[in-house]
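Okay, thanks everyone, I'll keep this short. Let me put the structure up, and then we'll walk through it together.

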Amino acid sequence: MRAARELRLDVPASLSIVGFDDIEMAQYTDPPLTTIHQPIHRKGEEAVRILLHDPWQPDSGHAERRRLEVRLVIRGSTSQAPQTRQEVSDPQG
């Protein structure tokens, strides 16, 4: 956001910015940063469980994978994309 400000770009009117991890500081930036929230504690728990389970079993040949829910936390650094009008040609002339 600092670089956008130095380039005199208005966030979010000219440029939308999204961060990742939803750190606490994101809500205090100017404008507040839209972020992707991930369940960091659950991520750690799953990592430990996988490590204790020995994911590299000789018979499997691949690592175990987990999918965790994430969510978009919308704040002030994003805006809706401008509507663009697309020309549609009439196939019948």
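Before the sheet, one bit of bookkeeping: I call two strands paired if DSSP finds at least two bridges between them. And keep in mind that what you see is a predicted model.

With that rule, we get an open sheet of 3 strands, in the order β1-β2-β3, with mixed pairing. On the edges sit β1, residues 18-20, and β3, residues 71-73, and each of them pairs on one side only. Ignoring direction, neighbouring strands in this sheet are turned by 30° against each other on average.

So where does the "mixed" come from? Take the β1 side: β1 and β2, which covers residues 34-37, run parallel and are joined by 3 bridges. Over on the other side, β2 and β3 also have 3 bridges, but their pairing is antiparallel.

If you want to follow the register on screen, V18 is opposite T34 in β2, and F20 is opposite I36 in β2. I36 also stands opposite L72 in β3.

Zooming out, the chain has 2 helices and 3 strands, and from the N terminus the elements go α-β-β-α-β. Of the 93 residues, 16% are buried. For the surface people: the accessible area is about 8,200 Å², with 54% of that belonging to carbon and sulfur atoms. And if you count contacts with a separation of 6 or more, 58% are between residues 24 or more positions apart.

How confident is the predictor here, on average? The mean pLDDT of the chain is 84, and 77% of the residues score at least 70. Going by element, β2 has the highest confidence, at 96, while α2 has the lowest, at a mean of 85. The usual caution applies: where pLDDT is low, the predicted coordinates should not be read in detail.

Now two residues I'd like to show you. The first is T35, in strand β2. Buried or exposed? T35 has a relative accessible area of 1%, and the cut-off for buried is under 20%, so T35 counts as buried. Its side chain makes a polar contact of 3.0 Å with the side chain of D22. Leaving out residues up to four places away in sequence, T35 touches V18, G19, D22, A26, R71, L72, V73 and R75.

The other one is L68, in the loop between α2, residues 40-53, and β3. Its relative accessibility is 23%; exposed would need over 50% and buried under 20%, so L68 is partly exposed. What does L68 contact, beyond its neighbours within four places in sequence? The list is P39, R42, K43 and E46. K43 is 25 residues away from L68 in sequence, yet the C-alpha to C-alpha distance is 7.5 Å.

To wrap up, the picture to take home is a mixed, open sheet in the order β1-β2-β3, with T35 buried in β2 and L68 partly exposed in the loop leading from α2 to β3. That's it from me, happy to rotate the view for anyone.

Terms used: Residues numbered from 1 in each chain as written. Predicted model: local features only at pLDDT ≥ 70, side-chain atom pairs only at ≥ 80, totals over all residues. Heavy atoms only, no water. Helix = DSSP H or I, 4+ residues; strand = E, 2+ residues; numbered from the N terminus. Axes fitted to C-alpha atoms, helices over the stretch in contact; angles between N-to-C directions. Buried < 20%, exposed > 50% of the residue type's maximum accessible area, 1.4 Å probe, protein only. Contact = heavy atoms within 4.5 Å. Areas by Shrake-Rupley, 256 points an atom, 1.4 Å probe, with all protein chains shown as cover. pLDDT = per-residue confidence, 0-100. Polar contact = N/O pair within 3.5 Å; in protein donor to acceptor, adjacent residues only side chain to side chain.
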